[in-house]
Structure formats: C-alpha cells, structure tokens
Amino acid sequence: MDDGDLSHESEVEQYVDRRTILEPAISSVVDALGGYENGRYRLGDEAYGCLKDLKKFWRKDDTDDERTVARIFWDTRVLPNDLVPILLATAGQGEVEDKRAVACVDLMAAMTWPIDLAEELKELDEDLDKGTDYTQLLTSHLHYKAAILKEGVLEAMFGIVVPCITKDKKERKERDVQIINVVLYLIRNLAFIKDPPPNMYASSDRTELSSLQSKLVKRLSESHLTDLIMTIASNALDPLYNPWNTLALEIFYLMFRGVTPSSLALDQAKQPTATLHRLLEVENRIRRDVARSTSSRHSRFGTTISVKLNPKRGSAGENSKQAESVLSSQTFVMHRQQAIGGEAGSIIDLTKKQRAPKTKKVDELAREDNLSMEARTILQNLARTFVESALNPFLASLLKDIKAERAKITEKDNLRLLYVTKWFLEFFLRERAARDGKDGQAWDFGLIAEVTDRGWIVWVLKRMREAVDEKPKLWTELQAGIECLTQLLALIDSMMSSADVDPTIVEAAEILQQQLIYSGEVLDVAFESLRSYREGTQSLAYLGASVNLAHSLFKMLEKWSKTKGEMYVRKRVKSKKKKGKGKETEEGEGVPDVEDVESASDNEDLVRETTLTMEAFELRFAHSEINHTLLAYLSRYKEYSSAEEMRRIVKLLHRQAVKAKAEGLFFQASTLDLFKTILADQKSLPKDQPYKDLVALINYILRQFFKAVDEEPLVLVEAFFPKNRGTWKRFSSWEPDKKVKAEEQMVEDKRFPPDVQVKKGYSWSEQVGIAVACLTDDGKRELVEWVKDILSLVIAQRRRIVEETDGSSSKAGLDSDAESDAENVFIERNRGPSEEALAKFTDYLIPYINDEQADAATRNPHLKLIFRLLKFEIVDEDADELEWHVPKSIPPDELQSGRNVIDQFLENPIDLDGKKAASLLTKKARRRTRRRQATPDSDAEVELLDDEPKKRAKKKKENKQYKSAQFIEDSDGEEEDIKAFFEKEKQLRERMALAAVDGKIATMRPTGTKKRRKKDGEDKVKQRKKRKGDPSIPESRSVSVEKSEHSDSDDSESGLGVFGSPRVSPASTSHTSPPAEASSPKPSARPRPKPRFRRRTSSPGLEPPQSTDPPDDDVEEGDRQRSEGSGSKPRPSPAVSPAALDGGSDEEEADQASAAAALRPKPKGRLVLSDDED
C-alpha cells in the first residue's frame, strides 16, 4: 500500500473520529443545563455558562461540511427538551432581561438557520462527503419549528424584544440592537421552514408537521409579533426602525409567497365551498374523458385488426422492386378495440416505448402552502393593514437603502422587493375591484402612490436589465420584474378606466403610460422575455408571466392607438468604438442601465426617436422564437385553471396569424400535430368562448396551410424545417410595405387650418397688399389695425433704445440741415443703429388682449401670412395656442417700412384686375415631423439622431456643400422668357429716351452715369468692385426685389426677371415709397467704414429739372443725387415706386441688369446675354 492510500485513510479516520470526540462533551454540557423535577423544569447552577459553551460548540460547524454538531444537537433533543423550557422559565415568567433567556433565543436562531441545499451540495467533497444526508437536518428543523410554536414561547420572545425596541435612540445600546436582530431572525427562520406536502396515508405526527405554517401565522398573530413587524414596516423611514426594514421584507416575502393574492381578496368563509366545487368539476371532467376512450362491454370478446401501410405499393409489377414494395406495404396486427374507430397511427404509438417526460420547474419564486381558513383570514387582515398604513413608506425606505448601497442590502433583497411589490399591487387591484360595489369602502390610489413614482419604475427596469446581463442569467429575478411590470400596467388601466376617480389621477395615469411607451424598455422586455424562453431553463411560472405581460402590453397599446393615434418610442443605438479607448469602450457597448449615473460621453449610448404603430409592433412580434414560446404555453391547455389563460394565448396567436399575416409561422410539423391533438380533444374542452375562438383560429390556420399546399406542394417538405430568419414570409399572406419618400413619411399637422401663401410672380409689397386685401374682404380690418399697433409699439421702443444708446449722433443725423455737410449727415443716417443699440434689442412677445386676437393669431391663415411677411416668428410650433414674437434682429426702419406699405394699401387697395385677393393664394403644405424632446425623467443626457440612415445624411451634406449642381440645367425651355425680357427692356429704353427729351427724369442726372466715369481709375476700380461684391441693391432697383428674396412665396426669385432684372409690377401705377420723413434708412448688419468723398464742382444750375413727383420724393431724390455725386453708396429706399423704374440711361440700365444678375448664381451651360447684344 503506497503512501497516498495511507494518507487518505488517515483523513477518513480523522473525520470519523470528529463525532466521537464531540458527542461526549456536548452531552455533558446538555445534561448540566437542568432537568425536570416533579413535572417542573429546574435550571442548573451553571445554566448560562452551559448555554455559552453550546454556542461555542455550534461555531465548530462553520468549517464542517458534515455539520456534526448540528446532528449531535438533534440527537440530544436539546431544543425541545431544554432550550424551550429554560425560555419559558425565565422570560415566560416575566424575567425578560434574563441573560439565559436571551442566550436561549440566540441558540434557537442558530439551530433553525436556513440550509441552502444548492450551496451545501456544491461545497461537498466527492470522496469525504459521499454519504452526507441532509434529510435528517431538514427533519430536525421541522421538529424545532413545532417545538417553538408551543404555547407561551413566542409570547416570551415578544416580551424580550419590546423593552429593547421601545428605547430612545440615545438610550439604546448595541446589545439592544442585537437582541432585536436575534428575535427577528428567529421569526424569519421559522417562516422559511417549508411544510411537507399533505398526505392522507401519512401518520398523525406527519400530518401535524404538514400544517405548521398555518399554526405559525396564527401564533404570530396571537403573540402580537405581526403587530411588531407592521410597526417596523410603517415606520421604516424613521432611523429608529430603519435598520430592520430588510428583515421585515424577508418575513413578509416568506409569509405571503405561499398564497395567491386572488384567493386572499375573496371572502374566506366561502373559499372552502368554492374549492370543493372546483375539485368536483375537475373530477367530472376526468371521468368524461375516461368514459369517452374506455372499452365497451364487447371488449371481453377480444379484437384483432390488421392494418396495412401503403397497400397500393404492394401491386408493383417489377421484380426488382418487389422486396422494397413488400417492406413499404408492411402489415400490422392490433388487438385493441380503439383501433376500430380510432386512428391507426395513434394505436401504433401506444405500443412504442415511452420515454419519461422531463420534469419541469413549476415556480421557483413562489410556493403553495396548505394554509387553513383561519390562517388565510389572518393574512388577509394583515395584507389590508399593510396596504393602508405601511406600503408607501416601506417601499420608499427600501428603495432608498438599495440606491445608497447600504451594507445590509443583499442581492436577494432585490428579488424579494420585486415580489412583495407585485404581490401587494395585485392584492390592491383585486380588493379594490371587490369593494367597488360597496359604498364608501373603495380604496384610494394614493395608497400605492410610491409604485407609480418614476424612480421606482426606473429601478425595476434597471434590475431586469441587470438580471439579463448577468452570467448566468437571473431568470427568477427577471420573472419577478416581469410580474411587477404586468401589475403596473394593470394599475394604469384601472386608474384610467375607473369612473369615480379624480381627473388628476387619470391625467397622471396617461402621463405614466406615455412615459412607459416612450422609454421603449417595457416593449423590449416583453419581446425578449418571450423570445428567450427555453423549456427546462425557465420555470412554467416564468412562461405564464411572459405571456401575461405581452397580453397586457398589447391591450394597453391598442387602447392608446385608438385614442391617441401616434406613439413615439426611444430606440437605443450603440455608440461606435473609438480608437484608443481599449477595454473601456468594449465594456460600454453592452445594454446600458435605465438609470445612468456617469455622464461620460464615450460610454454613453445614443437614442433615436421613432414613431411606433400597432402594425409595426405586431410585425415585430411575428417572430419564430416567440411563436415557439406561445405554442409551448398552448400545449399546456389541459392545465389551465381559468378561461382567462386561454383568452390571453388565443389573443396573442391571433395577432401573429391574422393581424400580422404571419400564418407561415404555424406551417410546421410539430405545430400541426399540436393542432390535431387539440381538435381531437375538442369535445372535452370547456364551453367558454376562448376555447371556441381557439378552434376557429386553428381551422383558419389549417385552411391557409392547405391552400398554400395546393399552390406549392413543396410546402409539405418545408413543414419539417424551422421558420426562422423570415422564411415564413414566403408562405404567408404578408406583403412588404411600399417604399415611400421621406417627405411622405412625415406627419402632417392637422390641428389648425392650413397656412396659405401668395402665388408666384408677386413682389414682397404686393404680397402684403394681397394679404391686407384678404383680411379687408373678410371684414377683419380690425386685425390689420392690430398689426399696425404692434408695429408702432415695437418701432417706438426700439427707436427709443437707439436714441438712448447712440446719443447725439442719431439726433444730429435726423436734425441736420440738408445744406450743411450733406455727405456726412447721410453717412451717419445710413449707418443705422450701432452694435451696442442692436444688442439691447429684445424679442417682443405679441400680447393677446382678447380671445379673438388669440384665435386669429392661431387659426387665421391671412393674419399669419402677414405675420410671416413681416418676419414675425412663432415661439412654439407644437403649442395648442400659437404665440408670435417680433425678432430682435429686425431694425426699426424695416418695421417702419412694413407699416408704411400696410398704410398705403389700406388707403389705396391693390388693383388685381377684378380678381379676388383670395384667388391669388395657395395652400401651403405644412408637413413636418413632430419631434418631442426626451422626457425630463431620463437620467442620461442622450443625443437625438435623425431617422434617416447615415448614407442619406452624408448625401444631404454633400448637397449642401455643392449647390452649383442644381443650376446646371437645359436652357432651351427659357427662350421665350429671354425674348420677352429683351422686348421689355427695349420698351423701357424707349420710354426713358422720351422722358429725357421732355426733361422729366426724376431719378437720373442730365449726364446720366457719365460723370462717374470721369473719376480717376482708382475710384473706378473700387466702385466697380463694390458694386460687384456688395450684396446690397443699387438705387435704381426696387426694394421690392430685395423683399421678394425673403418673401413667403414659393419662388424666392419671383421679384426678378429671367436674368435677375427687377420685374415691373403690372398693377402699380403710382409710387409705393413712403414719405421721406416717415422712413429711416435700412440698417446694415454692421457699420460700414466711412468712405472718402470727392467734392462736387458742379454748379446748382446743372441740377436736373424738378420732377412731377410729390415734394417728399423730391427731397428723397435730391438726397440720392447728392450721394451719387459724392461717390457714396446709394441709400436703398424701403419701398420704391414703380415709376422710379421708368427713368435712366442705357448704360445705367445695363449696370442694373448686370448687378441684379450677379445676385443670382449663373447656371452652367446657359448662355448669358447683356443689354448691348439686344
């Protein structure tokens, strides 16, 4: 024998000798505790020391997988024979502060500590612990529980803990806290011990052990320990009671997990009768099924039936295939009477060797306790008290501790909190529904207000996401989260559907519902929970919870789509990896938490906002793995406890097969076999409507299948292959949506009447005149006056700011004599407000004095057209009542110009040649994507991306960079416009020549532009560069052309001709320029540098003759002449009369055309002509 075997044997002997060594010592200590004398227990002299020694012995099991000391304690029966009598003799007699009583409770808590069999079995050694048996330890716990539940024990424990918990914080010592912990842990241990299943063939002692949980509930209530736990829960936010909120949570979890909320919400006095009727119904159904398939009285004569497979193949004539034909037409003999009327294939299957079905996990989260009616009544009252007084503070304190990551919080506390919340939510809804018929007893939704808090929902979603990310996945915690979300959806539905609730509660429910949908997390959870189900991995309760969540979510989305229409959902997009980030970037690519603490942009996922429709979500729901999960749930149709379970699964299958048109998912051999089984059991199914709907749905799918087989016989072969990766679409009636342009996918805003715009071909001033005419024709002249008042007020405010800021320079410019230093005065006036004055301008929010003005500014398209022409802007496009403001960027002179134009058209309405002003308007297609900002309850700062793909965004960027491509076009279609332009220019030159002969040129000098050409070359080069590069419009052009570039018309160049020349208004016969006194020079974006002037040497006798225009225009034209002669830039008039276009020489007209053409980009491939070529 080698050394290895010797060492192994020595270890075995050492391990075996452990019990031999410890058992005598422990037995002597137990004997010294005390004993019974004359029927009364007498404590030993060193009882307290012996209790301390037993605790030391117990600690030796911390390193012993065999738990030798625990087995010795059980053999000596120290707990029922010694510890319980000592506790009754001390604390039971009022000595609640006796050390021996506290030591007994401490030792009881240690001996009843729960045994985690899964962890214990993992730690066992394959050789040393080969014969370890934990059944003895589990049995000992049952007997310990029965001994502690004797009369007076729990009362003694209550007497020990009350003095400690009633002390003030300053008086409370560490020992008091330890005593409270020990008592609460002992209660937790007793609630954890599971009763054995009841058995009618078991002994009386075994039957008594199967009802210990009911006895525990009763004894806790009698000893007022449930009141103690309720006090801790209701005052959990108080620092005096907060340290034990997790223990109270675990006790509630262990007490309520063995009973369903639906059973506690009913009248417990009627429960036994209802249970009896349910069991009788199940028994009758089983009898009917057996009677339907049993043999008749003729079975004693026996039955022999011959079944031949493929009889046609047996007549094959070829000898080479005779052997194959014989095998293929094999004959089977059956001796069962069911073969006469039944299917031969099923009878043959009975003769096959049957494999034992795999055991399935029923529920890993809850258990079924056989509680008595008295125990159920106590739990019912306890649950009602908890909801009414303790639910909100209890949940708030636990969530606060979990977020603070306190040391007392364990991973299992998250699971317990999810389950307890789900349980009491369901109980609240059931109890409230039961109380609706009773007057004044309905529960208010404020009792569960904490559950509807945003922080609570975010935490639930976060825990579910972490459960999925864990390796291995925490399916039990995920199941608790799914059930909690399901009850939350049911709560929202109850809040919205209740008729007697406050409207604020309905509004809060709508907001909560909108936030749940918008976050998108709930939709993803419902989808992934069904998709990830695998038989044997998750429990049947997980399967039922996933189906219930999907059904509730579809129900909520369907109601939302019918009432609200569109739905917006955030979709998370994983951010790209950045080079150099290494491992950190890879870790950040996982599914993020719902509640992000870090704001690092590198690890932050982006979010895009998309529109969700019911059709799109149903199509996403049509998935092969989800279909497999639903069919797995349907296969358990015989185990359904209510028709509601069948209704849920039929609804979900109907959405896949009918609404999503994905019947191809069901074209599989296993699915068809399930349908065949259900149809065979059709007569034994309940007569409820959901079962009838199931049969109708199966018949519809089968008709679609055989219809597909008729069209393509190879569908029969495809039935043996999975329908993943979208292959089901080839066999379904589903058709892809037609691709539409991005513009057509935008949502049209139909809240207000459509906006209007003026047809092409009208200048800015004419568009204002048409809008004014529309309001006047409709009898809304007061709205035009309101616009004038707004302009006057804003002009006065901004001019006051200019005068206060710029000081004497502005006043000097306005009050200067025209004969003294005219050039300097004009430059000062042409500069407009300084930058400092412009910076003091603020947006002017237009106030509404009455409802008529507010309604007109929101719904009157003609008034809104005037506002847009005056460059007013809307504050919020999505508001129900639009608010307009005058932007601070508009100088007062431009506002004054608009007011002058309105005044003119009020006095002299625009001539439209007999047409109505409304006929010159067209509807403006206002299509836009109504984007909502991310909800304020989002923790992470996310970046909203456009819905367009990256390729489209890149292409759009290129289009912005290279705009010249849009001007490369064929110019053949514009020949007629070119001819009309030159004809119009020819007529214009003829009129100007006639006017020159008469001496009535109001806009030109006698020498035309000759004088400017006599300047030195340097000034000439500067002037030409300025004319070519300056985007301002020369004097000879109408300011209406400038306005047309910013007009609200469709064509931004409607005020220009084909080559950029100003288009002459056919309706204007008189000037439209306002008086010089009322107008101010239009300010530029920034002050221009002061140019150098050359003194005029021409005499006053060379001035042009007086024009026939009004005196105000003479003054204005005189200013222009002096500015031109001095070489300064001409001051543009706010609105120039069309008569100003009728004068000028050929050379200046050519300059005008070239300058206007310079404003418009010259297209490639187009011939550009000048006036000289005419």
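This is a short group-meeting talk on one protein chain and a few of its residues.

Okay, hi everyone. Before anything else, keep in mind that what you see here is a predicted model.

Let me start with the whole chain. How many helices and strands does the protein chain have? There are 48 helices, and next to those, twelve strands. The chain runs to 1174 residues, and 44% of them are buried. As for the surface, the chain exposes about 64700 Å², with carbon and sulfur atoms supplying 50% of that area. Now the contacts. Take the ones between residues at least 6 apart in sequence: 78% of those join residues at least 24 apart.

Right, on to single residues. I'd like to begin with D413. Where does D413 sit? In helix α20, which covers residues 411-435. Is D413 buried or exposed? D413 has a relative accessible area of 4%, and the cut-off for buried is under 20%, so D413 counts as buried. What does its side chain do in there? A polar atom of the D413 side chain lies 2.9 Å from the backbone nitrogen of T410. And if you leave out residues up to four places away in sequence, D413 touches T246, L249 and K408.

Next, some backbone geometry. A quick reminder: most peptide bonds are trans, and most residues other than glycine have a negative phi. I've got three spots to show you against that background.

Spot one is a peptide bond. Going from K471 to P472, the bond is cis, and omega is near -5 degrees. P472 belongs to the loop between α21 (454-469) and α22 (475-497).

Spot two is R77. This residue is not a glycine, yet its phi is positive, at about 55 degrees. Where is R77? In the loop between α3, residues 68-76, and α4, residues 78-90. Partly exposed runs from 20% to 50% relative accessibility, and R77 comes in at 32%, so R77 is partly exposed.

Spot three is K871, also a residue other than glycine with a positive phi, this one near 70 degrees. You'll find K871 in the loop between helix α40 (861-869) and strand β9 (873-874). K871 has 29% relative accessibility, so it counts as partly exposed.

To recap the residues: D413 is buried in the model, the K471 to P472 bond is cis, and R77 and K871 both carry a positive phi. That's what I had, thanks for listening.

Key
Residues are numbered from 1 along each chain as its sequence is written. This is a predicted model: local features need pLDDT of at least 70, side-chain atom pairs count only at pLDDT 80 or more; totals for chains, interfaces and linings use all residues. Side-chain values use heavy atoms; hydrogens and water are left out. Helices (H or I, at least four residues) and strands (E, at least two) are DSSP runs, numbered from the N terminus. Buried means under 20% relative accessible area, exposed over 50%, partly exposed in between (1.4 Å probe, protein chains only). Contact means heavy atoms within 4.5 Å. Accessible areas come from the Shrake-Rupley method with a 1.4 Å probe; for residues, only the protein chains shown count as cover. A polar contact is a pair of N or O atoms within 3.5 Å; within protein, one must be able to donate a hydrogen and the other to accept it, and residues adjacent in sequence count only if both atoms are side-chain atoms.
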